[in-house]
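Welcome! Please take a look at the structure below, then try the exercises at your own pace.

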Amino acid sequence: MSSIPELLERVTDRQSFLAFDRALIADREDEVASEQAQPSSPYGPGANGWENGTIEQYMEAALAWAKDSGQLPEEPSWRAFATFLYAGKIYE
């Protein structure tokens, strides 16, 4: 099974984007279950590295990443959108 960052690097088209998105969803579901069983410190990321636990925090982090990094290109691409979604997971 490929890791989320590995799948992100493979995003080139609709099909690979959807595979990445399914894996990101599964990763979040796994983290939620892991956190219910054994909570992580509230001062760091969750079991799977998620920094943002609510949809509001997630979207704010993705938006902040886009603004701060300057890496969201003018021309849309499947990988750019996948990177935006991934940033919501890891960006504080």
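Three short exercises with worked solutions follow. This is a predicted model, in which local features need pLDDT of at least 70 and side-chain atom pairs count only at pLDDT 80 or more, while totals for chains, interfaces and linings use all residues. Residues are numbered from 1 along each chain as its sequence is written, and side-chain values use heavy atoms, leaving out hydrogens and water.

**Exercise 1.** Check the length of helix α2 against its expected span.

Step 1: Helices are DSSP runs (H or I, at least four residues), numbered from the N terminus. Helix α2 covers residues 14–37, which makes 24 residues.
Step 2: The expected span is 1.5 Å times one less than the number of residues, giving 34 Å here.
Step 3: The end C-alpha atoms of α2 are 35 Å apart, which agrees.

**Exercise 2.** Find which residues of α2 are buried, and what covers them.

Step 1: Buried means under 20% relative accessible area, exposed over 50%, and partly exposed in between (1.4 Å probe, protein chains only).
Step 2: The buried residues of α2 include F17, F20, L24, D27 and E31.
Step 3: Their cover includes α1 (4–9), α3 (55–69) and α4 (78–90).

**Exercise 3.** Describe the salt bridges of D27 and R28.

Step 1: A salt bridge needs a side-chain nitrogen of Lys or Arg within 4 Å of a carboxyl oxygen of Asp or Glu. By this rule there are two.
Step 2: D27 pairs with K89 at 2.7 Å, N to O. D27 lies in α2 and K89 in α4, so the bridge ties together parts 62 residues apart in sequence.
Step 3: R28 pairs with E31 at 3.1 Å, N to O. R28, at 23% relative accessibility, is partly exposed, whereas E31, at 2%, is buried.

Conventions:
Helices (H or I, at least four residues) and strands (E, at least two) are DSSP runs, numbered from the N terminus. Contact means heavy atoms within 4.5 Å.
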